[in-house]
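Me: I would like a close look at one part of this model, the surroundings of a cysteine. Please then set that part beside the rest of the fold.

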Amino acid sequence: MSKPFPHLFQPLQIGNVRLKNRIAMAPMGFGALSDDNGVPTQRYVDYFAERAKGGAGLLLTGMLKVEDQIEHLRARRGPVTREFIKPFADLTEQIHALGTKIFVQLSAGLGYQGRPHNVVGTPVAPSPIPSFVDDKVICRELSTDDIASLVTAFGNAAEILAKAGVDGIEVHGHAGFLIDQFSCSLWNKRTDRYGGDLRGRMTFAFEIFDEIKRRLGPGYPVQYRYGLRHYMKAVRQSALPGEDYIELGRDIDEGLELSRILEEHGFDSLAIDAGTATGHYWAHPPIYQQHGCMLDLSAMVKETVSIPVIAVGRLDIPELANSAIADGKADVISLAKALLADPYWPTKVQRGKVEDIRPCIGCHQACSEQFSGRYLNSCTVNPACGRERTHTILPALQPQKVLIAGGGVAGMETARVAALRGHSVVLYEKSTELGGHLIEAGIPEDKKDVERLNDWYKRQIKLLGVDIHTGTEVTTGLVEQENPDVVIVATGSVDLLPRIPGSDRSHVVATTALFKGDVSVRGRVIVVGGGENGCEIALWLRRRGHEVAVVERQSRLVNIPVANANRNMLLDMLVDEGVEIHTDTTVQEIGCQHVRVIRASGEVLELACNSVVMSVGMRSERGLYEAISDSFGGPVYGVGDCADPTNIMKAVWDGFEVARTI
Ligand SMILES: Cc1cc2nc3c(=O)[nH]c(=O)nc-3n(C[C@H](O)[C@H](O)[C@H](O)COP(=O)(O)O)c2cc1C
Ligand code: SF4
């Protein structure tokens with residue numbers, strides 16, 4: 001029997017550790033899975049154990065601080081103490097039985113990137129440089145005693161973790177955090193042995209390496225993670241893919257030199273990424289980044305060193321991941337978000353069940369806790385992530401007949417989970433196609449993961465035997481005829497069309513209809529509403545050759561809780577493509593060839609246009625929910641946009657919660 005992706009399933013040696021395959025889980029800091037002292041909880045253990053069950057050969061933990069005195073983090077990221085032995089021993093026992101290894105990522109801290117909400121007191125740095133957050137705050141320069149304490153703390157932490165069975169350590173030298181700050185002349189102005197040329201600036205990292213090896217022996221793997229280039233145009237400004245700019249941070253030449261000296265110093269393996277916290281969209285690549293967006297960088301390192309090289313960056317397309325290994329661009333591919341969305345990515349790939357992989361949609365909505373607003377650390381498309389023990393899908397004690405009205409994402413998630421639990425599920429969709437807003441959301445070239453998600457849902461509910469009826473509108477009569485035990489209404493939302501004088505003109509169209517191709521635009525287009533959808537449609541039109549202007553009433557575009565990485569990249573692309581932006585500007589009237597707007601200053605302008613696209617939000621379709629609630633003698637639930645138009649995460653999570661409860 002031939003193996004579909006053979007290169008991913010070869011063993012590899014790193015130090016004295018043998019990996020069973022070439023698939024690693026990239027480090028992700030999930031603070032919500034630790035207790036208030038930063039100690040891993042049962043949820044932390046379950047979360048990693050699930051990824052081991054899914055087949056990853058190597059798990060990397062998110063960053064854990066080695067100590068908390070020199071820089072005191074409010075966020076729960078360690079520090080590693082003896083209290084870590086029990087949860088890690090529990091975890092390593094489970095994952096080792098499955099042949100999976102674990103490296104813990106250890107960090108010296110955020111340094112100059114410390115923000116008031118996560119660091120107590122003045123941020124520290126290699127040199128007295130202005131803080132990332134506030135130029136007026138000058139960071140405290142670390143003394144040589146501080147550095148020595150940190151080095152010792154790395155040794156202590158590594159020793160504790162090794163005692164608990166942890167297989168290796170990854171030194172967090174990337175993203176512009178403290179160790180990275182030491183390594184780069186932009187931040188390190190020291191004249192002692194920790195500064196100067198690249199080797200001098202790497203002294204801190206080398207002392208950490210030496211200390212861990214001294215304590216745990218030469219065979220114990222120590223990996224270094226760093227950005228081969230920083231992609232920094234300015235302190236708070238990333239560069240876009242392919243953009244011509246002057247690198248403020250580390251450029252590729254220095255990155256390759258760094259790779260050489262890391263190997264020379266004895267590091268066992270190198271994990272390559274890019275970027276800093278600046279702009280976020282390299283260190284945290286959103287949906288707009290290409291799959292394999294940093295593979296060119298690991299390929300260059302592969303040509304430079306002979307120790308194992310680990311690649312990262314939206315590598316979740318199995319063909320791409322397999323060819324990365326086959327073509328010598330990396331020795332290991334690491335997946336972060338993809339293993340949140342589907343922990344079983346490795347086994348599905350191994351068995352050739354690629355279509356059954358639930359895709360990550362690069363939204364950062366649930367995985368980055370600060371954006372979800374719920375402090376859960378989970379995943380938009382996999383609400384059980386981070387709650388594996390409590391949110392397992394269990395068979396229903398009393399299987400029931402469930403009728404679902406609406407085949408958008410909320411309806412399909414409800415159908416999927418209800419069917420998995422053994423309920424008999426019938427799903428009706430008014431239009432001829434399943435998917436709801438996933439259909440238009442997946443149309444732009446850089447949002448194909450949403451289309452993949454839609455395809456995944458359609459396939460899963462079909463495989464699960466959901467009785468699907470498209471082109472049929474649910475009525476109270478139909479509910480009576482079907483006689484279900486439970487009704488779930490997932491009728492979604494429609495474009496909100498505000499009453500502006502002239503908005504009924506024929507050249508004024510709604511976002512959804514435009515994306516779907518039901519209507520068209522010509523010439524210069526004004527997009528009214530600069531939320532995420534408005535900006536995405538503006539970009540999409542611009543890339544189709546239209547001149548485009550966005551008019552937004554608020555003072556900033558995408559002024560809703562969207563991850564910085566996504567927001568920053570979207571806005572940078574708008575500017576890069578030459579989309580005209582008018583914030584603090586309200587539309588007063590839409591004419592035949594213009595839109596009359598008023599700025600916050602009171603200035604009135606006429607912006608010329610041939611077409612207008614309205615993107616000012618969505619209105620829920622609740623009529624059916626109310627009608628069925630009035631007439632049906634059983635439980636009725638409204639899920640997704642029908643209950644409250646928000647986003648894909650809300651729709652999936654609503655569907656999941658209701659279906660796992662009924
Ligand atoms: C929620 C979240 C937390 C992360 N935390 C860390 C971290 O603690 N340390 C680190 O080196 N990288 C961290 N990363 C970056 C990932 O390791 C990875 O480089 C990035 O997500 C790109 O990989 P992907 O495209 O497979 O998601 C984090 C990413 C996410 C999504
Ligand atoms: S929350 Fe979004 S970006 Fe994060 S893993 Fe899930 S789908 Fe991917």
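Reply: In this predicted model, the cysteine sulfur closest to that of Cys-385 belongs to Cys-379, at 5.8 Å. A disulfide requires two cysteine sulfur atoms within 2.5 Å, so the separation between Cys-385 and Cys-379 is too far for a bond. By this rule the model holds zero disulfides.

Both members of the pair are withdrawn from the surface. Cys-385 has a relative accessible area of 0% and is therefore buried. Cys-379, at 9% relative accessibility, also counts as buried, because the limit is 20%.

Cys-379 has a further role in the description, since Cys-379 is among the residues that surround ligand 2. That shell also includes Cys-360, Cys-363 and Cys-367, together with Ile-361, Gly-362, His-364, Gln-365 and Ala-366. Lys-337, Leu-340 and Thr-380 complete the surroundings of ligand 2. Sorted by class, the shell comprises seven nonpolar, four polar and one charged residues.

Burial may next be followed into the nonpolar interior. In soluble globular proteins, nonpolar side chains tend to be buried together. Here the largest nonpolar core has 169 residues, and Phe-88 and Leu-106 have the most contacts inside it. Helix 3 (residues 144-163) gives the most to this core, namely nine residues. Leaving out residues up to four places away in sequence, Phe-88 touches Pro-40, Tyr-44, Thr-61, Leu-64, Ile-102, Val-104, Leu-161, Ala-164 and Val-166.

Two of these partners, Pro-40 and Tyr-44, are also in contact with Ser-34. Ser-34 lies in the loop between strand 3 (23-25) and helix 1 (42-53), and with a relative accessible area of 6% Ser-34 is buried. Beyond its neighbours within four places in sequence, the contacts of Ser-34 also include Val-39, Thr-41 and Arg-76.

Helix 7 (residues 252-265) offers another view of burial. Its 14 residues should span 20 Å at 1.5 Å a residue, and the end C-alpha atoms are 20 Å apart, which agrees. The buried residues of helix 7 are Gly-255, Leu-256, Leu-258, Ser-259, Ile-261 and Leu-262. An α-helix has 3.6 residues a turn, so residues three or four places apart point the same way. Among the elements that cover the buried residues of helix 7 are helix 5 (198-201), helix 6 (203-216) and helix 8 (295-304), along with strand 12 (222-227) and strand 15 (269-273). Just after helix 7, Gly-266 adopts a positive phi of about 120°.

Conventions: Residues numbered from 1 in each chain as written. Chains lettered and ligands numbered in written order. Predicted model: local features only at pLDDT ≥ 70, side-chain atom pairs only at ≥ 80, totals over all residues. Heavy atoms only, no water. Near = heavy atom within 4 Å. Nonpolar A, V, L, I, M, F, W, Y, C, P; charged D, E, K, R; others polar. Buried < 20%, exposed > 50% of the residue type's maximum accessible area, 1.4 Å probe, protein only. Helix = DSSP H or I, 4+ residues; strand = E, 2+ residues; numbered from the N terminus. Expected span 1.5 Å × (residues − 1). Contact = heavy atoms within 4.5 Å. Core = buried A, V, L, I, M, F, W, Y, C linked by side-chain atoms within 4.5 Å.
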